[in-house]
Amino acid sequence: MIEVPAHFFQRAPQLVIDGNREDSASDQTIEVVNPSNGRRLTEIPAGSEKDVDRAVSAARRTFESGKWSSTAAADRKAVLTQLADLIVRDASDLDAIDAAEMGKPVSTWRFNARAAADHCRFYAEATDKITGVVLPTDGSSYHALRPVPRGVVGAITPWNFPTYNAVMKIAPALAAGNSLVLKPSELSSFSALRLAQLASEAGVPPGVFNVVLGSGGVVGKALALHNDVDMITFTGSTAVGKLMLQYSGLSNMKNVLAECGGKCPQIVFDDGVDLDAAADFIALYLLTNQGQVCSAGTRLLVQKSIEQSLLSRLASRFGAIRPGMALDPETTFGPLVSRTQLEKVIEKIRSGHESGAELVLGGGRLLTDTGGFYLEPTIFRMVPPSANIAQDEIFGPVLSVSTFETANQAAQLANGTRYGLNAYVWTASMATGMQMAESIRSTVSVRSGVSRGRGAGHAGTGEPIGDSGIGAEGGLVGLSSYLRHHSVGFFY
């Protein structure tokens, strides 16, 4: 078992404002519970609007001073490269913090601290690749579009991959020259504080990267409503994402980038697909972080002729998990993040029974003697397309299985929710793959077997639609979300 040093979880941790550790203006606290055993881990400040005001003021001062926003791209690149190196140096600590706070097993390599460092390094390299556009004119004028930083960025991150999701916001925001106020989830705040420490060590000037702690209903709301915040970048639930848009309209019409919920389909055709590779991939995506992944393929749409063959393979892989404490390196399947989340997922499982779907596997609690929030991986088949478990984001290890006969039916089922985040298509037919790519409205990934490539990696960009969010994130296109097009004309 990996031990987490006690100083990681000091009582009532301080905020990071203008490079200093400061106490919250609130005397209220929020208890943080270790989901692996259900015991109190520590507490954080509940936060206040005054905390947000102080952090935003610091970010505004540093932005207007130009000590980061006007720094040469090569210098920002060097600092962010150093930050990536420091994240690698402290990767084991960051993974342990996330495991203790929210239950992500330290053995989980997807979206861990080293992956966050790679993400940071990509944006470090991107800082001097930002270019503008010169527009054609009439010969007696000159007109250009200059990419400039938006100003003060408020970032609100979720609890499921604390380190990685924080770096997803920090790296492009800083690469673009903005100043930042980060509000992590109240369930998983400590890796954000550690990242602020590492950013200072890397050479990020005081006040450029600030961290405020507390509840979303107080601190997150105050940040999104603040009239001196120029942009909100949010990852979390659809309900709160919609609030971000409302808060923008109620304040200064700040730009909003929001990645929200998903109900992503895995679509498997009977045309020569490697079913073992498909089962490996589907199981990996659903079981990673106990299904608490917005892009997890929680809907399996399978051609009827191969349903039983694929389900037997999945049952074998689901049965091979090693559940246990998230800090145990042997654990491959940890707890859900909280008792509240566990109860929500159990309620969804109950609704699956009520919908008439057939329970194939799981559906119950695990390791109840530990006091932790463990749940069996669960599979339902014969799920009606209108059932809650086929329509709602569950954020847990629950797979709903439906069958189809034709490619048109598969596309209709894939598009049959209010979400549009990702879709995974398994086919050995190029024509079928192209048809699915044209028909499905979300980001689409097509494969037929074991992948030997890494794809676009951090250069890839996704732009959700529907209740999955608004705005592009990832890659150079995602970096442009953190920039404003400043139009400049000369007439002579």
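This report walks through a helix pair, a small sheet, a pocket and two cavities in a predicted model.

## Two helices side by side

Let's start with helix H4, which covers residues 113–126, and helix H5, which covers residues 162–175. Their axes come within 9 Å and cross at roughly 10 degrees. Angles under 35 degrees count as roughly parallel, so H4 is roughly parallel to H5.

Which residues make the contact? From H4 they are Ala 113, Ala 115, Ala 116, His 119, Cys 120 and Tyr 123. H5 answers with Thr 163, Tyr 164, Val 167, Met 168, Ala 171, Pro 172 and Ala 175. Sorted by class, this contact has 11 nonpolar residues, 2 polar ones and no charged ones.

## A sheet of three strands

Next, look for an open sheet of 3 strands, ordered S5-S6-S24 and paired in an antiparallel way. As a general rule, strands of a sheet pair through backbone hydrogen bonds, either parallel or antiparallel. Strand S5 (133–135) and strand S24 (483–491) are the edge strands, each pairing on one side only. From one strand to the next, the twist averages 25 degrees.

Strand S6, made of residues 141–149, is joined to S24 by 9 bridges. To find one of them in the structure, start at Pro 147, whose bridge partner in S24 is His 485.

## An open pocket

Now for the second largest pocket, with a volume of about 350 Å³. Its lining has 16 residues, and those nearest the centre are Ala 283, Leu 284, Leu 287, Thr 288 and Thr 332. Which helix gives the most to this lining? That is helix H9 (residues 275–287), with 4 residues. The lining of this pocket is a mixture by class: 7 nonpolar, 5 polar and 4 charged residues.

## Two enclosed cavities

How many cavities of 30 Å³ or more does a search of the whole structure find? The search finds 2. The largest cavity has a volume of about 90 Å³. Among the 16 residues that line the largest cavity, Pro 265, Ala 414, Tyr 419, Gly 420 and Ser 442 are the closest to its centre. Strands S19 (419–420) and S20 (422–426) each supply at least two residues of this lining, which divides into 7 nonpolar, 6 polar and 3 charged residues.

The second largest cavity has a volume of about 40 Å³. Its lining includes Gly 262, Lys 263 and Cys 264, along with Glu 393, Ile 394 and Phe 395. By class, the lining of the second largest cavity has 6 nonpolar, 3 polar and 2 charged residues.

How values were computed: Residues numbered from 1 in each chain as written. Predicted model: local features only at pLDDT ≥ 70, side-chain atom pairs only at ≥ 80, totals over all residues. Heavy atoms only, no water. Axes fitted to C-alpha atoms, helices over the stretch in contact; angles between N-to-C directions. Parallel < 35°, antiparallel > 145°, perpendicular 65-115°, else oblique. Contact = heavy atoms within 4.5 Å. Nonpolar A, V, L, I, M, F, W, Y, C, P; charged D, E, K, R; others polar. Pairing = 2+ DSSP bridges. 1 Å grid on protein atoms, 1.4 Å probe; cavity = no way out; pocket = protein on both sides within 12 Å on 5 of 7 lines; lining within 4 Å. Points joined across faces, edges and corners; volume = space filled by probe spheres on them.
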